Amino acid sequence: MTIPTGKILACVNGVIGPAENATVSVLDRGHVFGDGIYEVVRVDKGRLHGIDRHWRRLDRSLRALQIANLDLDLLRSQLDATLKASGHTDAMVYLQVTRGTAPRAHAFPSDTPPNTLILVQHFGDDKAHLRQTGAGVITHPDLRWARCDIKSINLLGSVLAAEAAKRAGCVEAVLIKEDGVVTECAHSSLFAVVDGIIRTHPLDPRILPGITREIVLQIAADMAIPCRQKALRSEELGSVAELFLTSTTAKVLPLVTLDGKPVGDGKPGPITCKLRDGFEAWERADRLKTPSVAGLNSGEL
Ligand code: PDD
């Protein structure tokens, strides 16, 4: 079976069915408190892209929030079963774990099992053309909390920034802290090129440890492109030579306008293009090494 494009398949605590019929309790702590974590994983020609890295980050987020008693092997088999049931060989997967269902009280409930949610939908790669032409971004205050390294489902700061970007006709918002530090984007990691050197915020609680970020830093090192993990300041943004973002769904996306003004010469920069193409090559090589999910073989490599 392949579910139609545009339809979403859900797996709630192990029960698979159409997302429009799936329900969770109103007392789910994710619903009431945003007390949960998530991952977004891409399925690339039947293979779960970077799944080991996503799984490590999921585990790290769970530990950070002290959500215990989750059988990660069971979750993994439910993920494979949901993917198989969807039939999609190119898919976007949303995985969510909340602290479970309990009467509303802020402190943790005792002996409540976590609730899990897996959503699978076709991945149409709608940013493919923008990876060639480049895209626009705006700047926006970083209103998020002090533990952005945890992939928490509390996303209001990101939601407001993403909406501002959308209204400005842009793909993303570059987030700036009150002290002038540029952190990352609403739902992607941010990189600049300054004096031939790649610059990105260091890993600390102000940013998410992006998986695409990690891979791109490795590719840059392999290409001997110098890199400094040192945050940019807002006043530096206007004079960077190149700007790009990375994420599971956008891959390496050149940014050519910032608040309506051109970045560099207004075209995707040479280092950005090298990394964009290097990432695609890395993905192809990774596909050859990664077995496809059982029952999900597109026949393509
Ligand atoms: N966003 N920074 C933030 C704040 C993010 O939310 C994301 C991912 C990233 C990129 O991480 P990765 O390379 O691991 O996808 C950086 C996902 C895709 C989302 O929320 O939909």
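A search of the whole structure, which is a predicted model, finds three aromatic pairs. One of them is formed by Phe 279 and Trp 282, whose rings are stacked, with 6.2 Å from centre to centre and 15 degrees between the planes. Both residues belong to helix H8, which spans residues 270-289, and they are three residues apart, about one turn of the helix. An α-helix has 3.6 residues a turn, so residues three or four places apart point the same way. The two partners nevertheless fall into separate classes of accessibility: Phe 279 counts as buried because its relative accessibility is 1%, under the 20% cut-off, whereas Trp 282, at 24%, counts as partly exposed. Another ring is approached by a charge, for the charged end of Arg 99 sits over the ring of Phe 108, 3.5 Å from its centre.

From the rings we can turn to the nonpolar interior. In soluble globular proteins, nonpolar side chains tend to be buried together. The largest nonpolar core in this model has 24 residues, and those with the most contacts inside it are Leu 48, Trp 55, Leu 75, Leu 79, Leu 83, Val 93 and Ile 118. Two or more residues of this core come from each of strand S3 (36-44), helix H2 (51-64), helix H3 (72-86), strand S5 (91-98) and strand S6 (115-122). A second core, separate from this one, has 19 residues and includes Ile 176, Leu 232, Leu 243 and Val 263.

Val 93 offers a way to follow the contacts of the largest core residue by residue. Leaving aside neighbours within four places in sequence, Val 93 is in contact with Glu 39, Val 40, Val 41 and Val 43, with Leu 79 and Leu 83, and with Ile 118, Leu 119 and Val 120.

The strands named above can now be placed in their sheet. The sheet is open and has six strands in the order S2-S1-S6-S5-S3-S4, with antiparallel pairing. Its edge strands are S2 (15-18) and S4, each of which pairs on one side only. Strand S3 is mostly covered, since eight of its nine residues are buried. Eight bridges join S3 to S5, and these two strands run antiparallel; within this pairing, Ile 37 has Val 97 of S5 as its bridge partner. To strand S4, residues 47-48, S3 is joined by two bridges, again in an antiparallel arrangement, and here Asp 44 is the bridge partner of Arg 47 in S4. The hairpin of S3 and S4 has two residues between the strands, and in it Lys 45 takes a positive phi near 50 degrees.

What does His 88, in the loop between H3 and S5, touch? Not counting residues up to four places away in sequence, His 88 touches Thr 2, Ile 3 and Pro 4, as well as Val 43, Leu 83, Gln 121, His 122 and Leu 296. Although His 88 lies in a loop, its relative accessible area is 5%, so it counts as buried.

Two other loop residues fall at the opposite end of the accessibility scale. Asn 69, in the loop between H2 and H3, has a positive phi of about 60 degrees although it is not a glycine, and it counts as exposed because its relative accessible area is 67%, over the 50% cut-off. Asp 195 is found in the loop between strand S10 (189-194) and strand S11 (197-199); its phi is also positive, near 50 degrees, in a residue other than glycine, and with a relative accessible area of 73% Asp 195 is exposed.

A last stop is helix H6, residues 211-222. Its twelve residues reach 17 Å from the first C-alpha to the last, close to the 16 Å expected at 1.5 Å a residue. The buried residues in H6 include Ile 211, Thr 212 and Arg 213, then Ile 215, Val 216 and Leu 217, and further along Ile 219 and Ala 220. After H6 comes Ala 224, whose phi is positive, near 60 degrees.

Key: Residues numbered from 1 in each chain as written. Predicted model: local features only at pLDDT ≥ 70, side-chain atom pairs only at ≥ 80, totals over all residues. Heavy atoms only, no water. Core = buried A, V, L, I, M, F, W, Y, C linked by side-chain atoms within 4.5 Å. Buried < 20%, exposed > 50% of the residue type's maximum accessible area, 1.4 Å probe, protein only. Helix = DSSP H or I, 4+ residues; strand = E, 2+ residues; numbered from the N terminus. Contact = heavy atoms within 4.5 Å. Phe/Tyr/Trp six-rings, centres within 6.5 Å; stacked < 30°, edge-to-face > 60°. Lys NZ or Arg CZ within 6 Å of the ring centre and 35° of its normal. Pairing = 2+ DSSP bridges. Expected span 1.5 Å × (residues − 1).
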